[in-house]
Amino acid sequence: MKKRIVKGAALTAATLCTAAFMTGCSLPERRVEHKTKTEVSFSWWGKDVRNEYTLEGLKAYQNSNKNVVIRPEYADFDGFKTRMDVEFFSDTTADVMQLNYNWLYEYSPDGEGFYDLNELSDYINLSAFDDDSLAYGTINGKLNALPTGTNCITFYYNKTMYDSYGLSLPENWSDLINAAEVMKSDEVYPVEMTKKAAYLSSVAYAEQVTGRKMFSDSGEFQYTLEDVRLMLGFYQEMLNKKVTKPAWDFDRNDFEKCLVGGVASWISDAEYYCEPVQKLGFDIVIGDYPKHKKAVSSGWYKKPTSVYAIKKSSKSPEEAAKLLDYLVNGEEMALAPGTGKGVPASKAALEALAARDMLGGIEYKANEKMASSDDLEIMSPKLENQDILELFISTSESLYYGRAEIGNASENLYNKMVELSK
């Protein structure tokens with residue numbers, strides 16, 4: 001009986017299939033929905049703290065956007081540019097990427113290297129940025145990138161220490177030299193400079209004396225051999241008179257150990273250097289942008305902290321745009337770092353921080369000083385050429401240790417700067 005039933009069932013099914021095929025009808029099917037998720041990659045650099053809150057923010061974004069999978073790509077800053085070079089020219093970059101200001105113009109000199117964000121304005125709140133912020137990333141009328149914030153080299157001083165020596169806070173280069181005369185008996189330096197701060201301070205001095213910018217507004221190299229010699233000579237004076245330690249020996253812990261009376265660095269790094277000193281009870285204040293007493297121009301510049309761009313060949317530009325908007329305007333991504341990597345350029349991010357009384361601290365004060373200063377011009381991207389910076393530092397090191405003399409060193413550096421600026 002059992003066999004008969006099975007056989008009958010099989011026959012019935014076969015008959016139905018035959019009938020369906022003959023009549024052109026189909027049997028009912030069970031529908032299985034397959035929702036395909038869109039993958040969007042995002043690359044950035046940072047230390048452990050930044051990586052942790054960025055990953056947490058991306059996780060929150062993905063939880064709120066179930067149709068998207070975010071693929072994070074992150075590393076330390078050292079070596080990041082080399083990797084970017086390979087990825088950019090092989091078209092294997094992330095969909096959304098963090099860039100240094102000068103990289104943007106290196107990769108997209110004509111504005112064609114990245115997606116025009118104006119075309120994605122339905123997904124990115126561009127109204128959260130003022131005209132100056134939008135101008136940073138606009139090349140030939142195309143909005144290649146949005147800034148995370150604005151930066152400038154800033155001088156932070158331990159006022160408690162300066163007071164103990166009976167010194168006023170420095171206003172110009174001469175004041176720093178005079179402070180060195182007082183502090184050197186204790187083997188204390190008035191200020192310590194990162195490599196970038198040492199280089200840009202030397203650029204500032206040369207411009208203050210000559211009134212000539214290293215690069216014109218159109219990006220042409222304008223320095224003479226004498227200007228380069230002036231830069232090198234200035235920095236050697238700062239080293240020889242013990243105003244600052246050599247930049248190649250920079251140690252962030254020197255400020256905390258009271259081996260230096262101040263530090264010169266980006267606004268975005270202020271907390272990194274100053275907070276440990278403040279926790280010890282010292283009064284850390286923001287100083288003036290130093291000048292030559294007879295300066296004919298300022299010599300100091302501001303620029304984007306970093307920028308976010310979208311890959312021109314991204315297969316999912318709309319989803320990439322939504323992620324970029326979250327990174328610069330999203331509340332979660334604003335609250336996670338606070339002002340730990342500088343004050344955000346986005347008005348939406350600023351409002352989120354203000355609502356929670358999170359706009360304060362040394363970074364915010366430095367940002368306010370920058371915003372209110374008439375001395376700062378917008379930096380030429382070429383001024384951050386890493387090869388020129390490293391050549392300046394290595395040449396300065398050779399001079400300092402007597403391995404070169406100023407005449408030949410200046411000529412060699414000048415010729416290389418001309419070549420690298422083409």
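Let me begin with one residue: E377 has a relative accessibility of 33% and counts as partly exposed, where buried means under 20% relative accessible area, exposed over 50%, and partly exposed in between, with a 1.4 Å probe and protein chains only. The side chains of E377 and K213 meet in a salt bridge, at 2.7 Å from N to O; the term denotes a side-chain nitrogen of Lys or Arg within 4 Å of a carboxyl oxygen of Asp or Glu. Because K213 lies in the loop between helix 8 and helix 9 while E377 belongs to strand 14, this pair ties together parts that are 164 residues apart in sequence. K213 is itself partly exposed, its relative accessible area being 22%.

Before going further, I should state the conventions. This is a predicted model, in which local features need pLDDT of at least 70, side-chain atom pairs count only at pLDDT 80 or more, and totals for chains, interfaces and linings use all residues. Residues are numbered from 1 along each chain as its sequence is written, and side-chain values use heavy atoms, with hydrogens and water left out. Helices (H or I, at least four residues) and strands (E, at least two) are DSSP runs, numbered from the N terminus.

As to confidence, the mean pLDDT of the protein chain is 91, and 92% of its residues reach 70 or more; pLDDT is the predictor's confidence in each residue, from 0 to 100. Over residues 1-34, however, the pLDDT is below 50, and this stretch has two contacts in the model beyond near neighbours in sequence. Contact here means heavy atoms within 4.5 Å.

I turn to the sheets. Strand 14 belongs to an open sheet of three strands, with the order 7-12-14 and mixed pairing; two strands pair if DSSP finds at least two bridges between them. Strand 7 (150-151) and strand 14 (376-378) are at the edges with a single partner strand each, so one side of each is left without a neighbour in the sheet. Two bridges join strand 7 to strand 12 (residues 300-304) in the antiparallel sense, and N151 stands opposite K303 in strand 12. Helix 8 (residues 195-210) packs on this sheet, where it touches strand 12 and strand 14, and its direction makes about 135° with that of strand 12. That angle is taken between N-to-C directions, on a scale from 0 to 180 degrees, with axes fitted as lines to C-alpha atoms, for helices over the stretch in contact.

A further open sheet has four strands in the order 9-10-8-11, again with mixed pairing. Its edge strands are strand 9 and strand 11 (284-286), each of which pairs on one side only. Which residues of strand 10 are buried, and what follows for the strand? Five of the five residues of strand 10 (residues 262-266) are buried, so this strand is largely enclosed by the rest of the structure. Strand 10 runs antiparallel to strand 8 (residues 153-158), with five bridges between them, and I153 stands opposite W266. With strand 9 (residues 192-193), strand 10 pairs in the parallel sense over two bridges; there E192 stands opposite V263. Strand 8 also pairs with strand 11, antiparallel and over three bridges, and the bridge partner of N158 in strand 11 is I284.

Next, the charged residues. The structure holds 23 salt bridges. One of them joins D227 and R212, at 2.7 Å from N to O; D227 is in helix 9 (residues 225-240) and R212 in the loop between helix 8 and helix 9, 15 residues apart. D227 counts as buried at 3% relative accessibility, whereas R212, at 30%, counts as partly exposed. Elsewhere, E39, R71 and E73 are linked in a network of salt bridges, with 2.3 Å from N to O between E73 and R71.

D95 offers a contrasting case. D95 is buried yet has no salt bridge, and R71, the nearest side chain of opposite charge, is 5.5 Å away; Lys and Arg count as positive and Asp and Glu as negative, while His and the chain ends are not counted. D95 lies in the loop between helix 3 (80-89) and strand 3 (96-99). Leaving aside neighbours within four places in sequence, its contacts include E39, K311 and K315.

Finally, two backbone points. Most residues other than glycine have a negative phi. N140 has a positive phi near 55° and counts as exposed at 61% relative accessibility. C258 likewise has a positive phi, near 60°, and is found in the loop between helix 10 (253-256) and strand 10.
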